[in-house]
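Open the model in your viewer and keep the selection box at hand. We will go from stop to stop, and at each one you will be told what to select and what to look for.

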Amino acid sequence: MTAGADDVLDEQVLSWIRNLGQEPGKLLEEMVGLFVADAPRLMAEIDAALAGGSTAGLARAAHRLKGAAAHIGAVRLCRTATEVEARATAGTPQEASCTSAAVHGEMDATLQALEGLVA
Amino acid sequence: MPILRSVTIETATPRESAPRRVLVADDQASTRRFLRAVLEELPDLDVIGEAVDGMETVAQVQALQPDIVLLDLSMPVFDGSDAIAGILRVKPDASVVIVSGMDPEYGDPLVGPGVLGFVWKGLPPFELLERLRDILTPEGSAAR
């Protein structure tokens, strides 16, 4: 990725998506819409896995979140999901409330930044 | 005086081959949309359908008979090598390209008969496009 450490979104990725296809900007708008619509389900999967103490479920949920975040250029959310997935895969105990707060915090920041893009 | 007529001579042009038909299988709607857009940048490919889990992937392969399947390894119902086996059972000449967020050390060993390549989903989109170009187009293959 090409974003700075604190950037919520990777501008180079967004610019590339913006210019993809016949109608500049249309694909990005569609992808943002799909990501925003899917976000509650992605977060519900994370929360359910944390509540149930399922490391396998948490790894799967974080994996899905990571993929969705990567393609929209949500670099910080992607990094957080990657860390959660790695810890869950390794079976490292995670404090549910801390993990939940971290993922929700990054998702909220991502949604805010994406809404600013297409507003 | 002779009448000169313009005559159109049709030259035999080689018949262009039909585009290869692609099925995109991924449980994320935004990823499927993204992959469709990326594939549209590559020549001679036609995305003919989508699937959201392993079972639907195999059913769609049977119904649509795609030449190529872009396959996520981590999908609901069944996934990974089970999905690959199911695809190749119903269409033995299909070519699978794995597009997954799994680490390459997990995906690379699955490349073999019927599986053209593994593309790590975490790549920046422009690198992901080049990786797919490398695997799916003659230009890419020739450059290897």
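Start where the two chains touch: 22 residues of chain A and 17 residues of chain B take part in the contact. Here two residues count as in contact if their C-beta atoms, placed from the backbone, lie within 7 Å. On the side of chain A that touches chain B, the elements giving two or more residues are helix 1 (11-18), helix 2 (26-52) and helix 3 of chain A. Which of them gives the most? Select helix 3 of chain A, which gives nine residues. Colour this side of chain A by class and you will find 12 nonpolar, five polar and five charged residues. In this scheme Ala, Val, Leu, Ile, Met, Phe, Trp, Tyr, Cys and Pro are nonpolar, Asp, Glu, Lys and Arg are charged, and the others, Gly among them, are polar.

A word on what you are looking at: this is a predicted model, in which local features need pLDDT of at least 70 and side-chain atom pairs count only at pLDDT 80 or more, while totals for chains, interfaces and linings use all residues. To find your way, note that residues are numbered from 1 along each chain as its sequence is written, and that chains are lettered from A and ligands numbered from 1 in the order in which they are written. The predictor gives the complex an ipTM of 0.76 and a pTM of 0.80. Helices (H or I, at least four residues) and strands (E, at least two) are DSSP runs, numbered from the N terminus.

**Chain A: two helices**

Next, select residues 75-90 of chain A, which form helix 4. Its 16 residues reach 22 Å from the first C-alpha to the last, close to the 22 Å expected at 1.5 Å a residue; the expected span is 1.5 Å times one less than the number of residues. Show the side chains of Val75(A), Leu77(A), Val84(A) and Ala88(A), which are among the buried residues of this helix. Buried means that 20 or more other C-beta atoms lie within 10 Å of a residue's own; with 12 or fewer the residue is exposed, and in between it is partly exposed. What do the buried residues of helix 4 of chain A pack against? Their partners are helix 3 (55-72) and helix 5 (96-118) of chain A. Just after helix 4 of chain A comes Gly91(A), with a positive phi near 75 degrees.

Now move to helix 5 of chain A. Its 23 residues should span 33 Å at 1.5 Å a residue, and its end C-alpha atoms are indeed 33 Å apart. Thr99(A), Val103(A), Glu106(A), Met107(A), Thr110(A) and Leu114(A) are its buried residues. As you click through them, remember that an α-helix has 3.6 residues a turn, so residues three or four places apart point the same way. The buried residues of helix 5 of chain A pack against helix 2, helix 3 and helix 4 of chain A.

**Chain B: strands and crossovers**

Switch to chain B, which has six helices and five strands. Along the sequence they follow the pattern β-α-β-α-β-α-β-α-β-α-α. Of the 144 residues in chain B, 36% are buried.

Select strand 1 (residues 20-25) and strand 2 (residues 45-51) of chain B: they pair in the parallel sense over six bridges. Strands pair if DSSP finds at least two bridges between them. Arg20(B) stands opposite Leu45(B) in strand 2 of chain B. Add helix 1 (residues 29-40) of chain B, and you have a right-handed β-α-β unit with these two strands. Right-handed means that, with the strands pointing away from the viewer, the path from the first strand over the helix to the second runs clockwise.

In the loop between helix 1 and strand 2 of chain B, stop at Asp44(B). Its phi is positive, near 60 degrees, in a residue other than glycine. Is Asp44(B) buried or exposed? Asp44(B) counts as exposed because it has 12 C-beta neighbours inside 10 Å.

Finally, select strand 4 (residues 95-100) of chain B. It pairs in the parallel sense with strand 3 (residues 68-71) of chain B over four bridges, and with strand 5 (residues 115-120) of chain B over five bridges. Val99(B) stands opposite Val119(B) in strand 5 of chain B.
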